[in-house]
Amino acid sequence: MSKILNVEHLGKTYTSGSKELTVLDDISFGIEEGETFAIIGPSGSGKTTLLGLCAGLDCADRGKIELCGSDLGSLNEDERAQLRNQKVGFIFQNFQLLPTLTALENVVVPLELQGAKGPTKIGKELLGKVGLGDRLHHYPTQLSGGEQQRVALARAFSNKPSILFADEPTGNLDQDTGDRVIQLLFELNEEAGTTLVIVSHDLELAQKCKRILRLRGGKIVSNEVLVES
Amino acid sequence: MAWRDSKASGSRLLLFMASIILGIAAVVSIQSFSENLEENIAIQSKALMGADFVIDSNQPPNEKVLAIIDSLGGADGRSVGFPSMAVFPKSGDAKLVGVRGIEGGYPFYGELETLPESAAKAYKKSSGALVDATLMLQYGLKAGDSIKLGNTMFPITGKLISAPGTSGIGASIAPPVLIPYDAVEGTGLIQVGSRVGYDFYFVAEPDQDLVALDEQVDPQLDVENADLDTHISTAEQLGRSYDNFGKFLNLIAFIALLLGCIGVASSVHIYIQEKIRSVAILKCIGATRKQTFFIYLLQITGMGLFGGVLGVLGGLLLQQSFPLLLQGFLPFEVQISFVPNALFSGLVLGVLLSVLFALMPLLNTWFVSPLQVLRIQENGFEKSRKLQFWVVLGILLFIFSFSYWLLGQLLFALYFVLAVLVVFALLWGVATIFMRTIKKYFPNSWGFTSRQSLLNLYRPNNQTTVLILAIGVGTFLISTLYFTKDILLAQVSLEASEDTPNLILMDVQTEEKLAAAQSIEASGLEVLNNIPIITMRMHQIKDRPVRELILDSTATQNRWVLFHEFRVTYRDTLVPSERTVEGSWPIERKENGIIPVSLSDNAAEDAQVKLGDTLVFNVQGVLMTTRVAHLREVDWARMQVNFNILFPSGVLEEAPQFHVLTTKAPDADKSASLQRELVRKFPTVSIIDLRQIFTVIEDILSKIAWVINFMAFFSILTGIIVLIGSVRTSKYQRIKENVLLRTLGAKNKQILRITALEYFYLGLLGGGIGIVLSLLGSLLLAQFVFEVSFVPSAIPFLVVLPSILVLVLLIGMLNSKSVLQSPPLEVLRKEGG
């Protein structure tokens, strides 16, 4: 299997006043197509930064990231946006839905940005799959946290991504709702054959993945393959 | 606590405080300047008149007037003034000027400002002339050149920069030329029909009571068609006219302030929305309702005070610029001084308006439940609505009281509050209806970026209505000023039809009439009118002599008809500017010797006569009994020769008369050459060039419009600040949205387009509604106030609207720059907590 994401000697340093803070240092790993991959570590270990860099949301200071065959360092902002739009899906801890759009409209935003025709049908289908077929025209404020995250799930899959990044997807949900969302995420992922990268501090969630990357203080502690139960 | 809390987030409110700063600066500067003006008029009143009091008359003083003058110890100086054509032999050009022959030490106060300075005294000794400085510049004249008035050639002794009583609109049409009194007769310019003013100047005794003198002598002079004015009464009159203009400007400034207040209310609303959680936490840990309410009330009061202080400082600076702004209108130099009242009112306005307008959103803190810490309730402020009514009432009462304080008249203040309410409510209403309509009939077929930009107008905590209001009020003010100027100009505009004259020859003596007409025709032009004019006064109205009516303080006739020297003509037809209201014209003359006359409807109303009433006229010593047989409506706005009183033919032909001839010169050159030719042949004839007068009026209106525009500009500036403030308030929301879109794959171009379109909609909506409302308002103004047909200028549509759009786009895009440049990860991290 070929690698969909390849990270080599990645480093990121933030400057605050005269102080420099190295958030990520010499990170290297690879993820194969269709793999489920978890990045775990305590708060401040650099998980979210790593996810952001891998998804092209920010630029690395050192090292190289190859996503879906493209060297992110050689792409400009618009090219990275285009790559995300066509190949990447996202799920955030805070759902990140546009408050002015209905559930259906939120789901089809990536397709609309592509200029795709007839995205509504795909949107309805996906919302049906996540159990929100009857909430198509509700605004985010009219939905519960779990429902909002399910809309975000549907949105993440709307552009048929090759890789999906999920940042603490259950962080703002109660245990039961979180479990249901995770179950849905894995089901959809399996159905679509998407590579899944989850950032979490929840070991239980991470253990649902095939591989776990442990971070501490911006460095890799371990990169282990879990034996399927 | 209030201070600690404001340190963390109060800076966000500062920009909104800036919106009231401008309003306060405008109000304070105008109030201060108005007060300065009033003080200056009082201080300089003697210099403005040049004497303590003056007796003036439009006819040579009769024996009784001379006796009164003698009884006052004789005049210390006198002058005679009249309009006349001046010829400049150097170029051959001719121009209507206001000649004043001066005798004695006049002016006794103030001075004749001349260049060279010595000319102020030298012109009398050398029998020379002091010529208006602007006129000399226009015609390329210098001291030592000559000016011909009537039959006399005068050497120009110097430039006249300023002189008491020679400013204003009259001086723009007929610039002043001063000559020695003795030289007037030699010019031969005072003839039958000449419009001559005779002034007698007096220096009062140090302890003389001028008010008592005015009350005692003026009625005696009134009967003799003369008048006494003291420097006090003249200053009061002058003060009143400037005061009205000042009040008008003050109201415009007040509108800017109100607009700023809406910005304050809106910002406080969002500020409080964001503070709800803090309020709930405070209440959770034991803060009372009062305590939490006062934390924010104190913050707002502090900022209002801060805004007031900055506004007052701005006002003081602005006040310095007013003498420059109003240069064209002021007859004297205004000394700027510190006005404590205005400064105090600026501070009070800052605090009071901030608190009043912030009160409604502030009340929300009162009703925040501590439960909000655990769960944000969307509709948690139902109870506060009960108090909203009282807050709104308080705001309205304050606006009304402040307007009343400014205007001094209850009814005017009420009209102003109503007008402000209507404009604001209409803008608000139309904006709201428009937004609802868009929501209801959302253009789903539009592309994603267009739809998204439209949806942004509905984002949570959106400021759409406030922005539309801010942009709309500014546009409304500017457009209304343009349209009103158009209406005023349309009233005096020259009609372009073939037979509308643009050159009027006044004071043509009977013996010159034929020759003058031949001269016009010889130059290839047509004599359009040849109108005989006879001067007369009213002697008796119905059965009461005018002298008796003058002395009767209960008489209800408008006093001008009692004193006026009417210029009357005779003809049996009506001209296009006249329309029969009652009776018929011409009318058969009755045999009993009573002459039928036609009156303009306004003259009949002022004299309180109706069809069939008797009027006795004194026609240069001969009494003529007439009967009102016809009433006409006269379009006085038409720049042509119109009459209040019209006699039939066959009555006045033998009376001493002069003539008015009119013609139409196709262009300025032809007009100038004809004027030169006519003045050379007929030195005593005055020529009014309507084209020049129109230019003068246009110039004056432009100057007034400029001053008003300057004040309206504060509304625009306030609108801009509200706009910037609002963009900044919703900045984080925008960053969040745009970053999310970028994360989902939106390109910069798409995000830019969404942002630009959002501001385009706002500009178009606000500006469009503002212009349409102003168009409607101006139409009503034209129809009901000015009673003219109104053809709107294209400028608001072609210049104002696009400018507003560009401005709004520019501000929006500049403020969104950082939004576009924010790296997605940074924002998402913040969101993640």
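**Ile39 of chain A**

I started with Ile39(A), which I find in strand S3 of chain A, and I note at once that the model is a predicted one. I counted 28 other C-beta atoms within 10 Å of Ile39(A), and the cut-off for a buried residue is 20 or more, so I enter Ile39(A) as buried. Leaving aside neighbours within four places in sequence, I list its contacts as Lys47(A), Leu50(A), Leu51(A), Val197(A), Val199(A), Leu213(A) and Leu215(A). I also looked up His201(A), which is 162 residues apart from Ile39(A) along the chain, and found their C-alpha atoms separated by 8.2 Å.

**The six-stranded sheet of chain A**

Next I followed strand S3 (residues 36-40) of chain A to strand S8 (residues 195-200) of chain A, with which it pairs in the parallel sense over five bridges. Which residue of S8(A) is the bridge partner of Ile39(A)? I find that it is Val199(A), a residue that I had already listed among the contacts of Ile39(A).

The sheet to which these strands belong is open, has six strands in the order S6-S7-S8-S3-S9-S10 (chain A), and shows mixed pairing. At its edges I find strand S6 (88-91) and strand S10 (219-225) of chain A, each of which pairs on one side only. Ignoring direction, I note that neighbouring strands of this sheet are turned by 15° against each other on average.

I then looked for what lies across this sheet, and found helix H1 of chain A over S3, strand S7 (163-167), S8 and strand S9 (211-216), running at about 155° to S8(A).

**The four-stranded sheet of chain A**

Helix H1 (residues 47-54) of chain A also lies across S1, S2 and S4 of chain A, and here I note an angle of about 120° to S1(A). These three strands led me to an open sheet of four strands, with the order S2-S1-S4-S5 (chain A) and antiparallel pairing. Strand S2 (19-32) and strand S5 (70-71) of chain A stand at the edges with a single partner strand each, so one side of each is left without a neighbour in the sheet. Inside the sheet, I looked at strand S1 (residues 3-16) and strand S4 (residues 62-67) of chain A, which pair in the antiparallel sense over five bridges; in this pairing Asn6(A) has Glu66(A) of S4(A) as its bridge partner.

**Helix H4 and chain A as a whole**

In helix H4 (residues 119-129) of chain A, I found Pro119(A), Gly123(A), Leu126(A) and Leu127(A) to be buried. Because they cover an arc of only 100° around the axis, I place them on the same side of H4(A). The buried residues of H4(A) pack against helix H3 (103-114) and helix H5 (145-158) of chain A. Just after H4(A), I noted that Gly131(A) takes a positive phi of about 80°.

For chain A overall, I count seven helices and ten strands, and 50% of its 229 residues are buried. Of the contacts in chain A with a separation of 6 or more, 68% are between residues 24 or more positions apart.

**Strand S11 and the core in chain B**

How many of the seven residues of strand S11 (residues 503-509) of chain B are buried? I find six, so S11(B) is largely enclosed by the rest of the structure. S11(B) pairs in the antiparallel sense with strand S20 (residues 658-663) of chain B over five bridges, and four bridges join S11(B) to strand S21 (residues 686-689) of chain B, again with the strands running antiparallel. I see Ile504(B) opposite Thr662(B) in S20(B) and opposite Ile688(B) in S21(B).

The largest nonpolar core has 276 residues, and I noted Ala253(B), Leu257(B) and Leu505(B) as those with the most contacts inside it. Helix H9 (residues 231-284) of chain B gives the most to this core, with 19 residues. Not counting residues up to four places away in sequence, I find Ala253(B) touching Gly23(B), Ala26(B), Val27(B), Ile30(B), Met711(B) and Phe714(B).

**Where the chains meet**

Last, I looked up the interface, where 24 residues of chain B are in contact with 26 residues of chain A. On the side of chain B, the elements that give two or more residues are helix H14 (448-456), helix H22 (731-743), helix H23 (748-786) and helix H25 (824-832), and H25(B) gives the most, with six residues. By class, I enter eleven nonpolar, six polar and seven charged residues for this side of chain B.

Methods
Residues are numbered from 1 along each chain as its sequence is written. Chains are lettered from A and ligands numbered from 1 in the order in which they are written. This is a predicted model: local features need pLDDT of at least 70, side-chain atom pairs count only at pLDDT 80 or more; totals for chains, interfaces and linings use all residues. Two residues are in contact if their C-beta atoms, placed from the backbone, lie within 7 Å. Ala, Val, Leu, Ile, Met, Phe, Trp, Tyr, Cys and Pro count as nonpolar, Asp, Glu, Lys and Arg as charged, and the others, Gly among them, as polar. Two strands pair if DSSP finds at least two bridges between them. Axes are lines fitted to C-alpha atoms, for helices over the stretch in contact, and angles run from 0 to 180 degrees between N-to-C directions. A residue is buried if 20 or more other C-beta atoms lie within 10 Å of its own, exposed if 12 or fewer, and partly exposed in between; C-beta atoms are placed from the backbone. A nonpolar core is a set of buried Ala, Val, Leu, Ile, Met, Phe, Trp, Tyr and Cys residues joined through C-beta atoms within 7 Å. The arc is that of the directions from the helix axis to the C-beta atoms.
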